[in-house]
Amino acid sequence: MTRVLLIVLPALLVMALLPLGVGGYILGLLTLGYYYAVFAMSWDLLFGFAGEVNFGPSFLIGVGAYTAALLNHYWLWPIPVCLAAGAVAAVAAGAVLAVPALRLTGPYFGLVTLVAVLLLQNVLVLFAGITGGEIGLDLPDVLAIDENTNYYYALAFMTVSGGILFGLSRSPVGLILQASGQDAIEAAALGFNVAKHKLTAFCISAFFSGLAGAMLIFYLGTASVGTVVDIAVGVNVIIAAVLGGRRTIIGAAVGAIFLIGAGEILRPLGQLSTFVVSAVALIVILFFPGGFMGRLLQAGGRE
Amino acid sequence: MLGLQILIDGFAISSLYALGAIGFTLIFGVSGVLNLSHGAIMVVAAVIAWWVGGFGSGPYLGALAGVAASLACAFFTYRVIVRPIQNSRAIPREEKEIFVLTATLLWGIMLQEATAYFFTNNPKTVRPLVEGVIMILGVRTPLNEILTALLSWIAIGLLYLLVNRTRTGKSLLAASMNPRGLTLLGFELSSIYVLVWAIYGVLAGIAGVLLGAFLGVSSDNAGVLTASAFSIVVLGGLGSVSGSLIAAYVVGYLETMTAYLVNPSIRTVPVLLLLVAVVYVRPQGLLGRR
């Protein structure tokens, strides 16, 4: 635990001081990276601990983002209310998805979550008159115009969510989740309600995904299928979490920031940038399955 | 008239879906791998067939090159990505599945991006093996559409004969039922896996080339192709070949009917809803075993 704090606190300090030294371009990039970090950490709670492979993180993200966007666009609700509504909607959608889906295991659960994304995407495109379809929905309000303020919002949000998720993963609840993920029957035999714990994990994951999705669109100023719902978004979240080191929460954040940064650094390569990022991620998975943070933070101390 | 049109178009597209999904289900049945680079491999086959065929070497040589490219991709997928993960000691056994899924997904993205880089992501139509149209009871049908259905069924038929009538094929079947028992009988499991991936490569290659000639293919389609194979296979029951065949026709006809009778832009929606319903009510799929 102290080792984790020794790594995380200086890193946070550097991140907090960054606006003094670097330009708006890099800050904007990191802001995006921090929101992705929350997506990836929420996903890791579900996969790394509860052992459920959610192929559709962007379903939860998208529901949160579009709920907030619609309320703001049509009824001009203030941002905090929209954010809360987005998070609640994501939890509700997550529960509707999870209650039946958690009866399924492995690839079946994965497929249902994948189908949920495809359905959401189809619905959004089908009702393009209301949702803006592929083009997106512009928002009258934004979080802040100033880059520094936006950066600090994102950093604070990531720190708080990361703290809660990490604390949860190291708490007794996290251990029970881990036990249910690794051997559900034995965990149940020990008297733990596996389904209840997994459902809780799903709802927490949904809460932070939805909230982060809603924050992200108020930062970007538009909500579009390509930025919060598309399968590619979910794929990036999964890659980030596995790359950073599954079952570490913090690794997921590192992976997400790395992924966003690498995508930008490699932009001069044009179309090949996605190729290179995928290749790097594949090499990490094949040769260092623990990810960046695996050795450092593995909760079970397996190594 | 419209009914007949749906019947003919639906049959062709369903046969193609069946061929595309059957390799996918074979790999899962025998070695327990869900290969998420499936769509990308089909795209590579189609694009190579288009490229080689474009040099004036004719559609046959192009089709052959496409299938060869797909075979090479399948081998690479197994040797460089799937096998190292399966043999890795650093990855706990209960997590191998997600690692194979993530790794093949990444590999699929790499194939897709490489194809887009070298050949752009514009849609490409492979020159069909036969040209011309015939009228079936008043419905204009391209000969290529008939050939697509025919070739799909020939390939499926050959696979059936291989699995059920030959010694090698029976060892495949045995590997899907009880791999350990098979090794005890003195069979080399790894050579069986290589064989399965080779069969898979050929099937995916044929499916890709036929798809490229029938509908045209762009590298952007890779994800959708993987998703549709995945849905068909789950609908039919993971690992069940006959289940996949039936599911392919259900999906193909449902999509064609939606496109013709309701609205082409929602052609995949009824399939997705059906899929969710089936997975909830009968998670093992139509013909799957628990």
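# Exercises on a Predicted Two-Chain Model

Just after helix 3 of chain B, Thr120(B) adopts a positive phi of about 60°. The exercises below concern a predicted model, and the opening one returns to this residue.

## Exercise 1. Thr120(B) and the helix before it

Task: Determine where Thr120(B) is found, and whether it counts as buried, partly exposed or exposed.

Solution. Begin with the helix. Helix 3 of chain B covers residues 96-119 and has 24 residues. From its first C-alpha to its last it reaches 34 Å, close to the 34 Å expected at 1.5 Å a residue. Of the 24 residues of this helix, 17 are buried, so helix 3 of chain B is largely enclosed by the rest of the structure.

Next, take the residue itself. Thr120(B) lies in the loop between helix 3 and strand 1 (133-136) of chain B. Its phi is positive although Thr120(B) is not a glycine. Finally, count neighbours: a residue is buried at 20 or more other C-beta atoms within 10 Å and exposed at 12 or fewer. Thr120(B) has 13 C-beta neighbours inside 10 Å, and therefore counts as partly exposed.

## Exercise 2. A second positive phi

Task: State where Arg247(A) is found and whether it is buried or exposed.

Solution. Arg247(A) has a positive phi of about 65° and is not a glycine. Its place is the loop between helix 12 and helix 13 (250-265) of chain A. The neighbour count then settles the matter: 27 other C-beta atoms lie within 10 Å of Arg247(A), so this residue is buried.

## Exercise 3. Where the chains meet

Task: Describe the side of chain A that touches chain B, by helix and by residue class.

Solution. The contact joins 31 residues of chain A to 35 residues of chain B. On the chain A side, helix 5 (106-126), helix 12 (231-244) and helix 14 (272-287) each supply at least two residues. Helix 5 of chain A gives the most, with 11 residues. Sorted by class, this side of chain A has 25 nonpolar, 6 polar and no charged residues.

## Exercise 4. The largest nonpolar core

Task: Identify which residues touch the most other members of the largest nonpolar core, and which helix gives the most to this core.

Solution. The largest nonpolar core holds 197 residues. Those touching the most other members are Ala37(A), Ala40(A), Ile217(A), Ala256(A), Ala45(B) and Ala46(B). Helix 2 (residues 38-87) of chain B gives the most to this core, with 23 residues.

Ile217(A) may be examined further. Leaving aside neighbours within four places in sequence, Ile217(A) is in contact with Ala65(A), Ala68(A), Ala69(A), Leu139(A), Thr222(A), Ala223(A) and Val228(A).

## Exercise 5. Two helix pairs

Task: Classify the packing of helix 2 with helix 10 in chain A, and of helix 9 with helix 10 in chain B.

Solution. In chain A, the axes of helix 2 (residues 24-49) and helix 10 (residues 194-220) come within 9 Å and cross at roughly 170°. Angles over 145 degrees count as roughly antiparallel, so helix 2 of chain A is roughly antiparallel to helix 10 of chain A. Among the residues making the contact are Tyr35(A) and Trp43(A) of helix 2 and Phe208(A) and Met215(A) of helix 10. By class, this contact has 15 nonpolar, 4 polar and no charged residues.

In chain B, helix 9 (residues 241-262) and helix 10 (residues 269-281) pack at an angle of about 140°, with axes 8 Å apart. These two helices of chain B are therefore oblique to each other. Helix 9 of chain B contributes Val251(B), Leu254(B), Glu255(B) and Thr258(B), while helix 10 of chain B contributes Pro270(B), Val271(B) and Leu274(B). The classes in this contact are 5 nonpolar, 1 polar and 1 charged.

## Exercise 6. Helix 7 of chain A

Task: State which helices the buried residues of helix 7 of chain A pack against, and whether Val160(A) is buried or exposed.

Solution. Helix 7 of chain A has 24 residues and reaches 34 Å from its first C-alpha to its last. Its buried residues include Tyr151(A), Phe157(A), Gly162(A) and Phe166(A). The buried residues of helix 7 pack against helix 1 (2-21), helix 2, helix 8 (172-182), helix 10 and helix 13 of chain A.

Val160(A) is also in helix 7 of chain A, which spans residues 147-170. With 12 other C-beta atoms within 10 Å, Val160(A) is exposed.

Conventions:
Residues are numbered from 1 along each chain as its sequence is written. Chains are lettered from A and ligands numbered from 1 in the order in which they are written. This is a predicted model: local features need pLDDT of at least 70, side-chain atom pairs count only at pLDDT 80 or more; totals for chains, interfaces and linings use all residues. Two residues are in contact if their C-beta atoms, placed from the backbone, lie within 7 Å. Helices (H or I, at least four residues) and strands (E, at least two) are DSSP runs, numbered from the N terminus. Ala, Val, Leu, Ile, Met, Phe, Trp, Tyr, Cys and Pro count as nonpolar, Asp, Glu, Lys and Arg as charged, and the others, Gly among them, as polar. A nonpolar core is a set of buried Ala, Val, Leu, Ile, Met, Phe, Trp, Tyr and Cys residues joined through C-beta atoms within 7 Å. The expected span of a helix is 1.5 Å times one less than its number of residues. Axes are lines fitted to C-alpha atoms, for helices over the stretch in contact, and angles run from 0 to 180 degrees between N-to-C directions. Angles under 35 degrees count as roughly parallel, over 145 as roughly antiparallel, 65 to 115 as roughly perpendicular and the rest as oblique.
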